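Please work through the exercises below with the sequence and the coordinates open side by side. Each task is followed by a solution that goes step by step.

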Amino acid sequence: MVTENLKQVEEKIQKACERAGRKREDVTLIAVSKTKPVEMMREAMEAGIVTFGENKVQEMLSKQETLTEPLQWHLIGHLQRNKVRSIVGKTARIHSVDSLRLARQIQSEFEKQGKTADILVEVNVAGEESKFGFAPEETEQALREMALLPNIHVRGLMTIAPFVENPEENRVHFRNLNKLLVDINSKNIDNINMDELSMGMTGDYETAIEEGATWVRVGTGIFGSRIYL
């Protein structure tokens, strides 16, 4: 199942890139493996997947003990400050930096171990009360403050768009996040030069690619419905 699903996802990514006049290599698929067993992840690995996304720190660390191959692990869920210490050196990207307090905790813990954190700043681009992240109008100031943290490297922006039946409804949010990234880059803030957009999930990743996503986070589309542990 996983192998066949991946073929379909890959075809859709390819076509979305063609529609947008983009190169396929400009978009990286993150296989969202939260709640999925290692056996399913191995099937994805056999199909060429090396980039996995996890929501919970403990689950990611547990899977890393079993899957010792050279994989790229992305933490895509809400990160609690008391869990930061345990992920130093364990994740390629932290997608969900949603507050200055969290950014400062990351700075502190990574500095202690002499490492740098590659992060994405989460923007609540649709203004949903149920979502974490900075309001779009707060994002530039937050980035200016994060730019002063030497062990943090802000690589781009991330959003979790609303759950909708019609992905076209989220196009405006993806477009606005891309505009925000371009606008902030144009300000030439010291130590802030972002080129990554993490947006789009199983229901709307094709639309996100058309609007500039560089990371798409696909779980159900690859592994099937979520398994609750």
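The exercises that follow concern a predicted model, and they deal with strand pairing, helix packing and backbone angles.

**Exercise 1. Place strand 4 among its neighbours: with which strand does strand 4 pair through His74 and Arg93, and in which strand does Val97 find its bridge partner?**

Solution. Begin with strand 4 itself, which spans residues 93-97 and is mostly covered, since five of its five residues are buried. Next, turn to strand 3 (residues 72-75), which pairs with strand 4 in the parallel sense over two bridges; in this pairing, Arg93 of strand 4 is the bridge partner of His74. Then take strand 5 (residues 117-122), which also pairs with strand 4 in the parallel sense over two bridges, and in which Val121 is the bridge partner of Val97. Finally, follow the chain from strand 4 through helix 4 (residues 100-112) to strand 5, a β-α-β crossover that is right-handed.

**Exercise 2. Describe how helix 1 and helix 2 pack, and state which residues make the contact.**

Solution. Two packed helices are described by the angle between their axes and by the distance between those axes. Here the axes of helix 1 (residues 2-20) and helix 2 (residues 38-46) come within 9 Å and cross at roughly 50°, and helix 1 is therefore oblique to helix 2. As to handedness, helix 1 passes helix 2 in a right-handed crossing. The contact is made by Val2, Thr3 and Leu6 on the side of helix 1, and by Met40, Glu43 and Ala44 on the side of helix 2.

**Exercise 3. List the buried residues of helix 3 and find the elements they pack against.**

Solution. Within helix 3 (residues 57-66), the buried residues are Val57, Glu59, Met60, Leu61, Lys63 and Gln64. Tracing their contacts outwards, one finds that the buried residues of helix 3 pack against helix 2, strand 2 (51-54) and strand 3.

**Exercise 4. Examine the positive phi values of Thr35 and Asn188, and decide for each residue whether it is buried or exposed.**

Solution. Consider Thr35, a residue other than glycine whose phi is positive, near 70°, and which lies in the loop between strand 1 (28-32) and helix 2. Its relative accessibility is 14%, and because buried means under 20%, Thr35 counts as buried. Now consider Asn188, a residue other than glycine whose phi is positive, near 50°, and which is found in the loop between helix 6 (171-186) and strand 7 (196-198). Its relative accessibility is 63%, and because exposed means over 50%, Asn188 counts as exposed.

Technical notes
Residues are numbered from 1 along each chain as its sequence is written. This is a predicted model: local features need pLDDT of at least 70, side-chain atom pairs count only at pLDDT 80 or more; totals for chains, interfaces and linings use all residues. Side-chain values use heavy atoms; hydrogens and water are left out. Buried means under 20% relative accessible area, exposed over 50%, partly exposed in between (1.4 Å probe, protein chains only). Helices (H or I, at least four residues) and strands (E, at least two) are DSSP runs, numbered from the N terminus. Two strands pair if DSSP finds at least two bridges between them. A crossover is right-handed if, with the strands pointing away from the viewer, the path from the first strand over the helix to the second runs clockwise. Axes are lines fitted to C-alpha atoms, for helices over the stretch in contact, and angles run from 0 to 180 degrees between N-to-C directions. Angles under 35 degrees count as roughly parallel, over 145 as roughly antiparallel, 65 to 115 as roughly perpendicular and the rest as oblique. A crossing is left-handed if the near helix is turned anticlockwise from the far one by less than a right angle, and right-handed if clockwise. Contact means heavy atoms within 4.5 Å.
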